[in-house]
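The following exercises are meant to be worked with the sequence and the model in view. Each task is followed by a solution in steps.

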Amino acid sequence: MIASRWSIVSVALLLVSCGGGVDDAAVTEAPEAEAAAPVRIEVAGPERHILAFGDSLFAGYGVGLTHSYPTKLEAALRKQGINAIITNAAVSGETSAAGAKRFAFALDGQRVKPDLIIIELGGNDMLRGLQPSETRANFTAMLAEAKSRGIPVLLMGMRAPPNYGPEYQAEFDGLYGDLAKQYGAKLVPFWLEAIYDKPQLFQQDRIHPTIEGIDLLVEDTLEEVEAALPPAG
């Protein structure tokens with residue numbers, strides 16, 4: 001059972017590289033994108049700006065931006081009475097190295113300073129054979145930049161499957177927790193936890209989550225996101 005579950009994780013990790021090169025038309029024409037888009041809930045109170053920074057897991061691959069994790073998360077937060085406005089700055093196929101290069105630029109481009117940054121990267125690094133030390137260095141650069149600007153961060157952790165070897169697995173899996181402690185960031189240890197062993201919650205490619213899968217991911221991580229938001233004002 002453990003082996004079969006981790007084989008699903010291995011496949012799920014492929015999604016972050018398979019997103020590259022897909023145009024918007026291909027995404028919006030996907031069957032999953034035909035479901036009704038969530039209606040924005042009007043909420044009183046101070047606006048809470050969140051920057052979602054990641055790869056195709058955040059970019060809505062196969063379901064479109066209206067059904068992406070950041071969009072669904074915004075709706076869930078607003079249902080909780082939080083006046084959340086989430087900017088989706090995800091790029092399909094992105095590695096942590098590419099993310100680190102554009103991180104400051106993405107922050108500079110925000111109309112309002114984010115109250116929180118959610119960083120979801122790392123899967124592509126494994127697929128491209130990057131050493132965990134490189135991934136760690138790239139995350140360190142992003143976390144240091146965020147800290148210099150006084151912006152809290154929530155890290156969405158990933159896990160390496162066993163076939164990468166015990167040393168690689170331990171080094172990769174440990175970097176998220178280590179860096180969260182070092183920079184005072186909040187952490188979701190493995191943010192695919194709720195669906196990685198449920199193939200029915202992945203699209204036909206058995207790689208990208210369905211809308212239902214994304215809904216479950218939002219439900220499973222909502223509490224952590226709420227906790228990561230600093231008090232208003």
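## Exercise 1: Serine 96

Task: determine whether serine 96 is buried or exposed, and describe its surroundings.

Solution. The relative accessibility of serine 96 is 0%, and because the limit for a buried residue is under 20%, serine 96 counts as buried. The model in which this value was computed is a predicted one. Next, locate the residue: serine 96 belongs to helix α5, which covers residues 96–108. Then examine its side chain, which forms a polar contact of 2.4 Å with the side chain of aspartate 125. Finally, list the contacts of serine 96, leaving out residues up to four places away in sequence: these are Leu121, Asp125, Thr135, Asn138, Phe139 and Met142.

## Exercise 2: The overall fold

Task: state how many helices and strands the protein has, and in what order the elements run.

Solution. Begin with the count, which gives nine helices and five strands. Read from the N terminus, the order of elements is α-α-β-α-α-β-α-β-α-α-β-α-β-α. Turn next to burial: of the 233 residues in the protein, 51% are buried. Last, consider contacts with a separation of 6 or more; 81% of these join residues 24 or more positions apart.

## Exercise 3: The core and an aromatic pair

Task: identify the residues that touch the most other members of the largest nonpolar core, and classify the ring pair formed by tyrosine 69 and tryptophan 191.

Solution. The largest nonpolar core has 62 residues, and those touching the most other members are Tyr69, Ile117 and Trp191. In soluble globular proteins, nonpolar side chains tend to be buried together.

For the ring pair, first note that there are nine aromatic pairs in total. The ring centres of tyrosine 69 and tryptophan 191 lie 4.9 Å apart, and their planes meet at 70°, so this pair is edge-to-face. The pair joins distant parts of the chain, since tyrosine 69 is in helix α4 and tryptophan 191 is in the loop between β5 and α9, 122 residues apart. Tyrosine 69 counts as buried at 1% relative accessibility, and tryptophan 191 is buried at 0%.

A second pair can be treated likewise. The rings of phenylalanine 172 and tyrosine 176 have centres 5.7 Å apart and planes at 75°, so they too are edge-to-face. Both residues lie in helix α8 (residues 166–183), four residues apart, about one turn of the helix. Phenylalanine 172 and tyrosine 176 are both buried. Ring pairs also place them in a cluster with Phe139, Tyr164 and Tyr168.

## Exercise 4: Helix α9

Task: find where helix α9 bends, and name the elements against which its buried residues pack.

Solution. Start with the length: α9 spans residues 211–228, 18 residues in all, and reaches 24 Å from its first C-alpha to its last, close to the expected 26 Å. The bend, of about 50°, is at threonine 221. Threonine 221 is also one of the buried residues of α9, among them Ile214, Leu217 and Val225. These buried residues of the helix pack against β1 (48–54), α4 (69–79), β3 (116–120), β4 (153–156) and β5 (186–188). To connect this with the previous exercise, note that the contacts of tryptophan 191 include Leu217 and Thr221, as well as Tyr69.

Note on methods
Residues numbered from 1 in each chain as written. Predicted model: local features only at pLDDT ≥ 70, side-chain atom pairs only at ≥ 80, totals over all residues. Heavy atoms only, no water. Helix = DSSP H or I, 4+ residues; strand = E, 2+ residues; numbered from the N terminus. Buried < 20%, exposed > 50% of the residue type's maximum accessible area, 1.4 Å probe, protein only. Polar contact = N/O pair within 3.5 Å; in protein donor to acceptor, adjacent residues only side chain to side chain. Contact = heavy atoms within 4.5 Å. Core = buried A, V, L, I, M, F, W, Y, C linked by side-chain atoms within 4.5 Å. Expected span 1.5 Å × (residues − 1). Bend = angle between axes of the 7 residues up to and from the residue. Phe/Tyr/Trp six-rings, centres within 6.5 Å; stacked < 30°, edge-to-face > 60°.
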